Amino acid sequence: MSAGRHRMRTNIHAAGAAAAVGVLVVTAGGYFGYQQLASPDCSGKIELSVAVATELAPAVDAAATEWEEKGAAVGGTCIDVNVSASDPVEVAATVAAKHGAILAGVGQAPGTAVSPDVWVPDSSTWLLRLKTGGATAFDPGNGASIARSPVVVAMPEPIASRLGWPQKELTWAQLVGQVNNSKPLKAGIVNPTRDAAGLSGLLSLTTAAAAASKDAQRDTVGALRALSTGSSNLRQDLLAKFPTAADPTTVARSLGAAALSEEDVISYNSKKPAVPLAALYLQPAAMPLDYPYAVLPGIEPAKASAARVLFEEGLTTASFRDRLAPLSLRAPDGNWGAGFSAPPGAPSPEAGGASAQQAGGGNAAGDLDPQAVDRAVTSWSVATASGRMLCVIDVSGSMKEKVASANGATRQQVTIDAARRGLNLFDDRWEIGLWEFSTTLDGPRDYRKLVDIGPLTTRRAPLEQALARMQSSNGDTGLFDTVLAAYKAVQNDWDPGQVNSFVLFTDGKNDDDNGISQQQLLAELERIKDPERPVQVVLIGIGRDVSKAELKSITDITGGGSFVTEDPTGISTIFLKAIALRKTGA
């Protein structure tokens, strides 16, 4: 009996997810006990499913085929390797669903998704996002890189030439200047919540914007909004926005710059377009696509052994590097195989032989700050979409407490600062209102309406003024009455064209003896909630006195989410993350 019949399924959009608790470390060596047996007398057959980013799938498929032809077997059992060309965002959705993670912008997994034994996405940032999104067992440094494609800025050659390409070395800071000036370059991006090259470009651009001027937030928000006007959910859709004719008018009206992979640019130019794209390798270098080989746990030992042997004997060899070259992909150390045609201006690959990465070492995620990735994704989600939201802020007496980690600022001041930062991210498509609450704040009512919900075109200045005047009272925390009133207010003026929500900040449990009880609140919310008019509720607890169970009991009924941080200086990040998740239906 020969090894199992091998096939690659090229039209599968989602090829699976982890079925257990995390990603295993894959390193060269250490698995010599699992020697490949070429004997025709196999005792059985095992099917090994491998989901691979589409552009890399042919190389993995060819390596698996060669292994099978040599008699792929482990411990006397034949191996049938099924390679699926897979969209990383859809596999990530399946992994997130299985591990209880929430990924902003990713959406729900298709019901037909099949879990693979091995996943090779285009970037280890997917593993990093899964971990920070709640799948805590994932270690983003564990999937060993098997290929690489630098992330570049793709630009029509006539525009790039005016900037000094290919002789001149350009920077991300210079691109920020081009995007934010009075006659801005038309920039675009593939939605960075769904695309790793887009996320890499966003990280580099926002880092440069934050460092480029005294008003970092203004320039960062400006860059986000400039990118959003030319954004797409699919790379092919974004590529279609580049000029299709070489005349100056068409070039000027078309997309002028976008973060894409080197492979994208080479593939685009291979079709001989009217206006070729230049690949700009901006400095400092962006996070590359690094194609981590992640063996997912929970599979039977023989499958895990087969996956490791396939990795060692098929994907870390010089011949595999040569398989990458026709696909316009590099080896994980940056070198390339025979037949690779580098774009003009491409930096020379590293000198020397195979690196530790090529031999099965780490990936590019090790140098990334998980919080920076999280901030980039959430900032994009908030700055590039709209919603209808009521913001409700606790002004009870305990909000006067000073925060040691905030240079002596009070909880109230830290909370108002977080709200103000969030307000600066929202564009004029948002509709926002503002309340404050304590106990008996407005006659017998525990809450006071400061600014009615309305478009930011007319509400931005009143909101800023109301936040500036906000001060802590001497009252207690009338949480339950306020939650119910805010819910009803948003529901009564519900807008079918928006996500309708309210966000409430509090530093304590309900302690209003004259208000409704928790049982009464939950019963009333259950009674009035309407699936046809949903109101998403986001509750953000600050400090040690908050009851996480109390907040969660509310959002379990209403939808939305509750978040608690003991360190008030973290609420700005939590606020943006909560809004980003709210807008994607989490």
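Angles under 35 degrees count as roughly parallel, over 145 as roughly antiparallel, 65 to 115 as roughly perpendicular, and the rest as oblique. I start there because the helix pair I show first depends on that cut-off of 65 to 115 degrees. Please keep in mind that this is a predicted model.

The pair is helix 1, residues 57–69, and helix 11, residues 301–314. Their axes are 10 Å apart, and the packing angle is about 105 degrees. Helix 1 and helix 11 are therefore roughly perpendicular to each other. On the helix 1 side the contact is made by A63, A64 and W67. Helix 11 contributes A306, V309, L310, E313 and G314. By class, the residues of this contact divide into 6 nonpolar, 1 polar and 1 charged.

Let me stay with helix 1. It has 13 residues, and at 1.5 Å a residue these should span 18 Å; the end C-alpha atoms are 18 Å apart, which agrees. Which residues of helix 1 are buried? They are A57, A59, V60, D61, A63, A64, W67 and E68. Just after helix 1 comes G71, with a positive phi of about 100 degrees.

Next, two single residues in strands. S49 lies in strand 2, residues 45–53. Is S49 buried or exposed? The cut-off for buried is under 20% relative accessible area. S49 has 17% relative accessibility, so it counts as buried. Leaving out residues up to four places away in sequence, S49 touches N82, S115, P116, D117 and V118. The other residue is C78, in strand 4, residues 77–86. C78 is buried too, with a relative accessible area of 1%. C78 and C42 are 36 residues apart along the chain, and their C-alpha atoms are separated by 5.7 Å.

Now the sheets. One is an open sheet of 5 strands, with mixed pairing and the order 9-8-10-7-11. At its edges are strand 9, at 231–232, and strand 11, at 277–280, and each pairs on one side only. Strand 7, residues 151–156, runs antiparallel to strand 11, and 4 bridges join them. In that pairing A154 stands opposite A279 of strand 11.

Another open sheet has 6 strands in the order 15-14-13-16-17-18, again with mixed pairing. Strand 15, at 445–455, and strand 18, at 560–565, are the edges; each has a single partner strand, so one side of each is left without a neighbour in the sheet. From one strand to the next the twist averages 15 degrees. Strand 17, residues 536–542, and strand 18 run parallel and are joined by 6 bridges. There G541 stands opposite V564 in strand 18.

Which helices go with these strands? Helix 14, residues 411–425, lies across strand 13, strand 14, strand 16 and strand 17, and runs at about 165 degrees to strand 13. Helix 15, residues 456–469, packs on the sheet and touches strand 13, strand 14 and strand 15. The direction of helix 15 makes about 145 degrees with that of strand 15.

I finish with V490, which is found in helix 16, residues 479–492. V490 is buried, at a relative accessible area of 0%. What does V490 touch, not counting residues up to four places away in sequence? The list is R388, L390, I453, N500, S501, F502 and V535. V490 and M389 are 101 residues apart in sequence, yet 7.9 Å apart in space, C-alpha to C-alpha.

Definitions and conventions:
Residues numbered from 1 in each chain as written. Predicted model: local features only at pLDDT ≥ 70, side-chain atom pairs only at ≥ 80, totals over all residues. Heavy atoms only, no water. Pairing = 2+ DSSP bridges. Helix = DSSP H or I, 4+ residues; strand = E, 2+ residues; numbered from the N terminus. Buried < 20%, exposed > 50% of the residue type's maximum accessible area, 1.4 Å probe, protein only. Contact = heavy atoms within 4.5 Å. Axes fitted to C-alpha atoms, helices over the stretch in contact; angles between N-to-C directions. Nonpolar A, V, L, I, M, F, W, Y, C, P; charged D, E, K, R; others polar. Expected span 1.5 Å × (residues − 1).
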